[in-house]
Amino acid sequence: MSTAKKEYKRVTVKSLVDMKKNGEKISMLTAYDFSMAKIVDAAKVDVILVGDSASNVMAGHETTLPITLDQMIYHASSVIRAVERALVVVDLPFGSYQSDPKEALRSAIRIMKESGAHAVKLEGGAEIKESVKRILAAGIPVMGHLGLTPQSIYKFGTYTVRAKEEEEAEQLIEDAKLLEKLGCFGIVLEKIPARLTKSVSESLTIPTIGIGGGKYADGQVLVVHDLLGMTHEFNPRFLRRYMNLYEEMGNAISNYVSDVKSQDFPNDDEQY
């Protein structure tokens, strides 16, 4: 017997916990600018992640490491101005929280005050415990991130699936339970085996959001540029492209160039 899904005029951290409790899957997408965030929010995506993936998608860096706190605040501010419904979560960038809990709190406060965001996301488990505690004590909602943690790419040396071995899987489960105990409202699980996602999701009362974690997560997240096919070199197994905007946009721009060169644009109806 199906039950009617609740309509949320404004999604909050409590809404996400309620969705898990009610068996409703959570939708999450990235956005980094006003125009894209406006479209994503209007489509009723539950959570918008202003991800440090902006380092790759918007700036063309090979990794997420170069993006700065100031740049994250700029992107988050742009997104917040567009959003009316979604919960907006912002990544704390590499170097802004790992070394010192006080620095972590300062970084989180800057994001919340200067962008107007609703929550922050940190990568890691027990090693960032004190930073998470400090941020939560200030009343700032925190989302965790376990599994493949892109900010640690040079430690792992590869973007391959994480926690396939029993020892690492057990550590991930321990970290997930720790993050819940500390007070995180949700956890992103990236590129881990589906059976592990199932175990973690069933052991927590807070929602899990998968990206390459399989169907047993309480929700899913993708980079919006990947979903729309604006990127074309990136082809992981977990990605489903819903459009091929790379080709469509390229064709449209080529047609524009052709019309300008042939003096077809602007025509008599397109001038004053």
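This report walks through the annotated positions of a predicted model and then looks at two pieces of its helical packing.

The model is predicted, so to speak of local features a pLDDT of at least 70 is needed, side-chain atom pairs count only at pLDDT 80 or more, and totals for chains, interfaces and linings use all residues. Residues are numbered from 1 along each chain as its sequence is written, and side-chain values use heavy atoms, with hydrogens and water left out.

## The annotated binding positions

Let's start with the record. UniProt, in an unreviewed entry, lists Asp52, Ser53, Asp91 and Lys121 under "binding site". These positions are spread over 70 residues of sequence, yet they cluster in space, with a largest C-alpha distance of 12.6 Å. The feature "binding site" is also placed by UniProt (unreviewed entry) at Asp52, Asp91 and Glu123. Here the spread is 72 residues of sequence, and the largest C-alpha distance is 11.0 Å. UniProt positions are given in the numbering used here, feature names are shortened, and annotations may be inferred rather than shown by experiment.

Where do these residues sit? Helices (H or I, at least four residues) and strands (E, at least two) are DSSP runs, numbered from the N terminus. Buried means under 20% relative accessible area, exposed over 50%, and partly exposed in between (1.4 Å probe, protein chains only). The table puts the annotated residues side by side, Glu190 included.

| Residue | Location | Relative accessible area |
|---|---|---|
| Asp52 | loop between β2 and α3 | 5%, buried |
| Ser53 | loop between β2 (47-50) and α3 (54-57) | 14%, buried |
| Asp91 | strand β3 (residues 87-91) | 4%, buried |
| Glu123 | loop between β4 (119-121) and α6 (129-137) | 7%, buried |
| Glu190 | strand β6 (residues 186-190) | 12%, buried |

Now for who touches whom, where contact means heavy atoms within 4.5 Å. The lists that follow leave out residues up to four places away in sequence. Asp52 touches Thr64, Ile67, Met72, Asp91, Glu123 and Gln151, so its neighbours include two other members of the Asp52, Asp91 and Glu123 set. From the other side, Asp91 touches Leu49, Val50, Gly51, Asp52, Met72, Ile111 and Lys121. Lys121 is itself on the UniProt "binding site" list with Asp91. Glu123 is in contact with Asp52, Tyr97, Ile128, His145, Thr149, Pro150, Gln151 and Ser152.

What does Ser53 touch? Its partners are Thr30, Tyr32, Thr64 and Val223. With Tyr32 there is also a side-chain polar contact of 2.6 Å. A polar contact is a pair of N or O atoms within 3.5 Å; within protein, one must be able to donate a hydrogen and the other to accept it, and residues adjacent in sequence count only if both atoms are side-chain atoms.

## The active-site position

Which residue does UniProt list for "active site"? In the unreviewed entry, that is Glu190. Beyond its neighbours within four places in sequence, Glu190 is in contact with His145, Leu146, Gly147, Leu148, Pro150 and Ile211. The side chains of Glu190 and His145 make a polar contact of 3.0 Å. His145 turns up in the contacts of Glu123 too, and Pro150 likewise appears there.

## Helices

Helix α1 (residues 13-21) has Ser15, Leu16, Asp18, Met19 and Lys20 buried. Their cover includes β1 (26-30), β2, β3 and α9. After α1 comes Gly23, with a positive phi near 75 degrees.

Helix α9 also packs against another helix: α8 (residues 166-182) and α9 (residues 194-203) meet at an angle of about 25 degrees, with their axes 10 Å apart. Axes are lines fitted to C-alpha atoms, for helices over the stretch in contact, and angles run from 0 to 180 degrees between N-to-C directions. The pair is therefore roughly parallel, a label for angles under 35 degrees, with over 145 counting as roughly antiparallel, 65 to 115 as roughly perpendicular and the rest as oblique. On the α8 side, Ala169, Leu172, Ile173, Ala176, Lys177 and Glu180 meet Leu196, Ser199, Val200 and Ser203 of α9.
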